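Welcome! Take a moment to look over the sequence and the model, then read on for a short guided tour.

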Amino acid sequence: MDPERFEALVNEALDGIPDELAALVRNVVVLVEPEPPADDPDLLGLYDGVALTDRYGDMLPELPDRIFIYRGPLLDMCETEEELVEEVRITVVHEVAHHFGIDDARLHELGYA
């Protein structure tokens, strides 16, 4: 799958987040990268920022939090486009949930790990 189509899948997954939740996502950029860091080659996604639950008061303007979606491992783990669509959706929701302070254990319980 070419990078443009993959990015479209990520955008579709973001569009699938309910509006009432999406409205609460603040100062976050979602980036698609070809591969994860070399020290974690199977990583599908990563939230790099401060969860909303860990912020105090009015934050001063700062750089946005970042969500990385790693194309290579997602492509490698899926045999069909249908599987890829589902795994991209799960990965995007998983990383957005970290922005809200939801940890991996709870995401696993909810089926997003």
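## A pair across two strands

Aspartate 48 stands opposite arginine 66 in strand S3. This model is predicted, and in it the two residues also form a salt bridge, with their closest N and O atoms 2.5 Å apart. The pair ties together distant parts of the chain: aspartate 48 belongs to strand S2 and arginine 66 to strand S3, 18 residues apart. Side chains of opposite charge can pair when their charged atoms come close.

How accessible are the two partners? Aspartate 48 is partly exposed, at 33% relative accessibility, and arginine 66 is partly exposed too, at 34%.

## Strand S3 and its neighbours

Strand S3 covers residues 65-70, and 5 of its 6 residues are buried, so the strand is largely enclosed by the rest of the structure. Buried here means under 20% relative accessible area.

Which strands pair with S3, and in what sense? Strand S2 (residues 45-48) pairs with S3 in the antiparallel sense over 4 bridges. Strand S1 (residues 28-33) pairs with S3 in the parallel sense over 6 bridges. As an example from S1 and S3, glutamate 33 has tyrosine 70 as its bridge partner in S3.

## Other salt bridges

The structure holds 5 salt bridges. One of them joins the side chains of arginine 5 and glutamate 12, at 3.4 Å from N to O. Arginine 5 is partly exposed, with a relative accessible area of 31%, and glutamate 12 is partly exposed at 45%. Arg5 and Glu12 are also linked with Glu81 in a network of salt bridges.

Another salt bridge connects arginine 89 with glutamate 86, where the closest N and O atoms are 2.7 Å apart. Both residues lie in helix H4 (residues 81-99), 3 residues apart, which is about one turn of the helix. Arginine 89 is partly exposed, at 30% relative accessible area, and glutamate 86 is partly exposed, at 34%.

## Two loops to look at

Find aspartate 39 in the loop between S1 and S2. Aspartate 39 is exposed, with a relative accessible area of 70%. Together with Glu35, Asp40, Asp42 and Asp76, Asp39 forms a negative surface patch. Now compare its place with that of alanine 23: the two are 16 residues apart in sequence and 34 Å apart in space, C-alpha to C-alpha.

Next, look at asparagine 27, in the loop between helix H2 (19-22) and S1. Asparagine 27 has a positive phi of about 55° although it is not a glycine. Asparagine 27 is partly exposed, with a relative accessible area of 38%.

Conventions. Residues numbered from 1 in each chain as written. Predicted model: local features only at pLDDT ≥ 70, side-chain atom pairs only at ≥ 80, totals over all residues. Heavy atoms only, no water. Buried < 20%, exposed > 50% of the residue type's maximum accessible area, 1.4 Å probe, protein only. Pairing = 2+ DSSP bridges. Patch = residues over 30% accessible without salt bridge, like charges linked within 9 Å, V, L, I, M, F, W, Y side chains within 5 Å. Areas by Shrake-Rupley, 256 points an atom, 1.4 Å probe, with all protein chains shown as cover. Salt bridge = Lys/Arg side-chain N within 4 Å of Asp/Glu carboxyl O. Lys, Arg positive; Asp, Glu negative; His and termini not counted. Charge placed at Lys NZ, Arg CZ, Asp CG, Glu CD.
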